[in-house]
Amino acid sequence: MEQWRWCLVAVVPKGMGLPPGHGPRHDFELFVLDQKHPITSGLPSHWTHPSEQLTHGQHGPAQGLTILTYAFSEVSHQGEPMDWVRQYGRGRVYTTMLGHTWKNEANPNLDDLGFQTLLARGTEWAATGRVTLPVNLGWRPMLNGKDLDGWEVRGSGVWTWMPGDVLLGRRLPPEPDNPLGGVWPLEKKTYNSWRSRQAWLYSKAEYHEFDLHVEYWLPPGGNSGVSIRDASRGHFAIGESDAERPDLAGFPKTTPAHVGYEIQILDEVAEKNPTGSIYDVAESNKPPQRRGEWNALEIESREAMIRVRVNGEFVAESPGVPGRSKTGPIGLQLHDQFTTAMFRNVRIRVK
């Protein structure tokens, strides 16, 4: 598709060309045509925009339009304008063909940071004639799609990169014989202690006030979570001895949900601590989670407040628990020995 980066704008005479329409929603490459305009300045030359309706055959007077972006339509077999601007008297107009929504369906197109940047900067330009908002609106990715640089594996988790910059987390398979040593049968208490042992992936950096965006996928019955402010880095939860990490020995012998906070991710309709809950602190209210699909979790961490959204809808908040840390790393959880989870588009905006 690289050949479509450079193109000339063609005006279709009135009464000619395809009528307006679109094919089914799909991923497509979005290309920046005018990289000098304040709205698009600094953006990548192109990126993949997910699950969107690509409209073709836009009609109307084309005089005075400045095309900012375009995409190649498999229906019209040509580049179609996606974003444009024009002067209108003493005012300014910004138009985008992106950002469609569908009822009771996932809308990952709205989570596309490129689209969010275009919409926010386009709105600012139309209102003021200037653009002050930074590229990507201050967000930066936490995962690089290649390795785990900047992260620390905690416990017996295996983390693998999949196509599409998707991070797959799974547990190490048990030994062919008794995974705890000794002889069968195991006592139930011993087995449950082994089964419930957590694994985590923690950022090496620690954060105070921030916004966090995480997209996740769970299989049926899956259980995961996102940890914030847990300076213990899951020390007790992963079964690590104090001798292995004496620097973490002074923390309470409990899980990250009770040292810092765990934002729950759960593939079931639970009566207690459903998805989006600040575990054992604030329960979410009917989270709009889509089972078997990708979902988006957003966490606002502030000095005196934690807020959570699932797929764009507010579900829980808490001022926090007195005495708990206000600062710590970000963690991705594999809840037990049988957990599988996938993550993508993990990004942070530090305040």
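**Close-up 1. Strands β14 and β15 pair side by side in this predicted model.** β14 covers residues 223-228. Its pairing with β15 is antiparallel and runs over six bridges. One residue shows how the two strands match up: Ser224 has Ile265 of β15 as its bridge partner.

**Close-up 2. Five strands form an open sheet.** Read across the sheet, the order is β9-β12-β19-β14-β15. The pairing is antiparallel. β9 (151-154) and β15 (261-266) are the edge strands. Each has a single partner strand, so one side of each has no neighbour in the sheet. From one strand to the next, the twist averages 20°.

**Close-up 3. Leu297 sits in the largest nonpolar core.** This core has 35 residues. Leu297 is among those with the most contacts inside the core, together with Met142, Leu212, Val226, Ile299, Ile330 and Phe343. Look beyond the neighbours of Leu297 within four places in sequence. Its contacts there include Leu212, Val226, Ile263, Ile265 and Val310. Polar residue names turn up as well, including His213 and Arg309. Another core, of 19 residues, lies apart from the largest one. Leu30, Leu43, Ala71 and Tyr94 are among its members. In soluble globular proteins, nonpolar side chains tend to be buried together.

**Close-up 4. Helix α1 has a cap at its N-terminal end.** The cap is Asp112. One of its side-chain oxygens lies 3.2 Å from the backbone nitrogen of Gly114. The helix itself spans residues 113-128. Its 16 residues reach 22 Å from the first C-alpha to the last, close to the 22 Å expected. Just after the helix comes Gly129, with a positive phi of about 80°.

**Close-up 5. Strands help to cover the buried residues of α1.** The buried residues include Leu113, Phe115, Leu118 and Trp125. Arg121 and Glu124 are also on the buried list. Which strands are part of the cover? They include β2 (26-32), β3 (46-52), β5 (66-73), β6 (78-88), β7 and β20.

**Close-up 6. Asn104 and Asn345 have positive phi values.** Most residues other than glycine have a negative phi. Asn104 has a positive phi of about 60°. For Asn345, the positive phi is about 50°. Where does Asn104 lie? Its place is the loop between β7 (91-96) and α1. Asn345 belongs to strand β20 (residues 340-350). Asn104 has 74% relative accessibility, so it counts as exposed. Asn345, at 42%, counts as partly exposed.

Key
Residues are numbered from 1 along each chain as its sequence is written. This is a predicted model: local features need pLDDT of at least 70, side-chain atom pairs count only at pLDDT 80 or more; totals for chains, interfaces and linings use all residues. Side-chain values use heavy atoms; hydrogens and water are left out. Two strands pair if DSSP finds at least two bridges between them. Helices (H or I, at least four residues) and strands (E, at least two) are DSSP runs, numbered from the N terminus. Axes are lines fitted to C-alpha atoms, for helices over the stretch in contact, and angles run from 0 to 180 degrees between N-to-C directions. A nonpolar core is a set of buried Ala, Val, Leu, Ile, Met, Phe, Trp, Tyr and Cys residues joined through side-chain atoms within 4.5 Å. Buried means under 20% relative accessible area, exposed over 50%, partly exposed in between (1.4 Å probe, protein chains only). Contact means heavy atoms within 4.5 Å. The expected span of a helix is 1.5 Å times one less than its number of residues. A polar contact is a pair of N or O atoms within 3.5 Å; within protein, one must be able to donate a hydrogen and the other to accept it, and residues adjacent in sequence count only if both atoms are side-chain atoms.
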